[in-house]
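Grab a pencil and work through these exercises with the structure open beside you. Each one sets a task and then walks through a solution.

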Amino acid sequence: MTTPTITNVAQGDAHVDLQAGVVHGDINFYRLSPNATPEEQFDEAVKYLRARVRDEARTLIEKAFAGGCRSTKVQFFRMIALLSGRTLRQLGAEELDRLEAIYASLPDLDEQDEWAAGLQVIIHLLAPDSTTDPDLMIKEIDALRQLQRDWIYGHLEALLEGTMQDEMWKASVTLARARRTANDRATRVWKFFHPKPAQPRVQQVRPSVVPFRDWLRAGVGAVLFTLAVVQLTVLAMAGGELSSAFGLLAGLGGLAAFCVGGADRHYRRARQRAKDADLLPPRQRREAPPDGFARKVDRQFDRYFGRYVPRGTERTYWLEQTAGIRRRLRDEVVELYREQRIHADRVAWLVRYLVSEVRKQWEEDTLTAYRHQLRVPAKSTILHLGGLISCVASTYWVLPAAVQSAPLPSTAWFLLTVASAVPALRSSFRIVAERQRVAADQAERDAEKLARWAAYERWQRKLSDKPSDIEMATWLESDRKVLVDAITQKYRLRPSQVIAHTFLEAPANSCRRARYPRGPWRYSRYQLLLFLLTDDGVRQVNIDLDFETAESRTTQRLNYRFDAVAAVRIDGIAAQRQTFELTLVNGDPITIPVSESSDETLEPDEERTKITELSLDAAGLNHTLHVLEGIAAEGKEWIRHRRRRADERLSNLASNRHGPAD
């Protein structure tokens, strides 16, 4: 077999462009207290095993066993954890020593116990040179209860060789196909990567702000106006005519009506101008920093306004007409959440809600409904104009009487009345309008708060069936098995012709990621490296898996001999970026980032290095390294030695197995 020209998966300074990770800190799924009992340690181990974090599961199960948790159920899972995803050829000396220890500690399995029955089946599967009919072995497995049966098919499908392996693999793939789309994966998987929504907020109402000059004009003007009116009244009454008194009362009543109607007209027009200003195109502003919170919110508004175009409206026209309101809403969201140290994705729900409300108002033609609501009513117009007419008429009634009594003083007091009334009224209108503005803003904020909380609760209900980490692991493992089955068929290989297969999972470019506290990272897109070991050499298949849609595509296929593997290694430290590197004798290194440095906030009981180790454990890195390092060191002989050593040890175990050790 010739070795092809090798091209890199990712090399040099290439990196995986990860979006900020989501940590579901409100879920205590993998929490284990420092003083956990052996039973609690065992329960936690089973969770990790179901999540395919095998090394961590093995460690916890052994701790539980050493602490006295030694039921047949624990022994069953000790076996599953040790053998999960492995072939007998992949069992090294340490694993075989542990298997021997498990055999030595097994109780009498003749008792009628479902876990004992499962253990008995695993022991039969491990029997070397077994002449058991494959059909009878499958029937023995199928006779188990579904829980034990699914654990065996789900984890030990690659354990055997020959016809038995083909039958086990067929049953395992059938189970994987059923699990791959189970539990509404297509409609739920995206929710795992969605961050916890930030609670809704509304802007605080701007307090009433009245310039001191307005208070001064209103106060001084009122005093001077009162003084001037009193003096005019005295002069008008000096002639002894009662008609002047009636004229004065009519004038004061008209003034009151003018103030009431005028204040309402002033408030409505000022508020309409302010709301119209929100619709005007924004002035040019300096761009926000590209990686900052404000710029990310900018992109969200741009994206959703571009997506939520009203029916029957041109996109360009829609964006032009809503530029002002888009800028106002963007500024509001940035102002509300900038100082909370949250990621922009947590307010995406609010952005979508705000944009959808604008679209709804556009389609219902209510975006400018405020103009109708703020239109000056006839009552205010009548009071305003009627009061003005009454004041003018009163002046023609009272002023002549006062002038007859004292021409010069009367003229002076009249001019003072007008000069004090005009600025006093204008300032009074602004004071009243500002107070009305505060009340109206508060009413709007209260309505906005209720509407936003309702939208938030709807979104929370939508996210309430977010997948568990175990569901994510089950779907991913099912994808992997279906992919392996499809690729072996493409190569026209039977499962029994594959000495071993191993996966390496890495995050794909621009993927999203999320995890539970103390759990491994899960990604929305994966780069998968599948290594199939056959008698002819290694078949490497690079796969791009869209985990949200369960769609995949093969990006590269390589074939090379065992002796073509020169070296395999991991560069980097666990808390930072790590890269898997496979070097072939006559090719460039094949490199792929398997972890990235991250500045995400950790939970109080988490360590960054530990999270990386758990993620790499779930990604199959340790397993893959073990296989490829053995091939790089010994070539095909490594496989033969492993098979021979396993057969010898298993033969001894089968012949020497005894009851519980003292």
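**Exercise 1. Work out which of R569 and E581 is buried and which is partly exposed.**

Step 1: start with the cut-offs: buried is under 20% relative accessible area, exposed is over 50%, and partly exposed is in between, using a 1.4 Å probe and protein chains only.
Step 2: R569 has a relative accessible area of 44%, so it is partly exposed.
Step 3: E581 comes out at 14%, so this residue is buried.

A quick note on what you're looking at: this is a predicted model, where local features need pLDDT of at least 70 and side-chain atom pairs count only at pLDDT 80 or more, while totals for chains, interfaces and linings use all residues. Residues are numbered from 1 along each chain as its sequence is written, and side-chain values use heavy atoms, with hydrogens and water left out.

**Exercise 2. Find out how the side chains of R569 and E581 meet, and which strands they sit in.**

Step 1: a salt bridge here is a side-chain nitrogen of Lys or Arg within 4 Å of a carboxyl oxygen of Asp or Glu.
Step 2: R569 and E581 form one, at 3.3 Å from N to O.
Step 3: R569 is in strand β8 (residues 565-571) and E581 in strand β9 (residues 578-584), 12 residues apart. Helices (H or I, at least four residues) and strands (E, at least two) are DSSP runs, numbered from the N terminus.

**Exercise 3. Compare the settings of the R452–E332 and R480–E477 salt bridges.**

Step 1: R452 and E332 meet at 2.8 Å, N to O. R452 belongs to helix α18 (residues 407-463) and E332 to helix α14 (residues 323-337), so this pair ties together parts 120 residues apart in sequence.
Step 2: for R480 and E477, the closest N and O atoms are 2.9 Å apart. Both lie in helix α19 (residues 469-490), three residues apart, or about one turn of the helix.
Step 3: check burial: R452 and E332 are both buried, and so are R480 and E477.
Step 4: for the wider tally, the count is 40 salt bridges.

**Exercise 4. Lay out the four-stranded sheet and place β2 in it.**

Step 1: the sheet is open, has the order β2-β5-β6-β7, and its pairing is antiparallel. Two strands pair if DSSP finds at least two bridges between them.
Step 2: β2 (498-507) and β7 (551-560) are the edge strands, each pairing on one side only.
Step 3: count bridges: nine join β2 to β5, and 10 join β5 (residues 525-534) to β6 (residues 537-546).
Step 4: check the partners: A500 has L533 of β5 as its bridge partner, and Y526 stands opposite L545 in β6.
Step 5: is β2 enclosed or open to the outside? 10 of its 10 residues are buried, so β2 is largely enclosed by the rest of the structure.

**Exercise 5. Describe how α1 and α3 pack.**

Step 1: helix α1 (residues 38-50) meets helix α3 (residues 72-83) at about 35°, with axes 11 Å apart. Axes are lines fitted to C-alpha atoms, for helices over the stretch in contact, and angles run from 0 to 180 degrees between N-to-C directions.
Step 2: the contact (heavy atoms within 4.5 Å) is made by F42, V46 and L49 of α1 with K73, V74, F77, I80 and A81 of α3.
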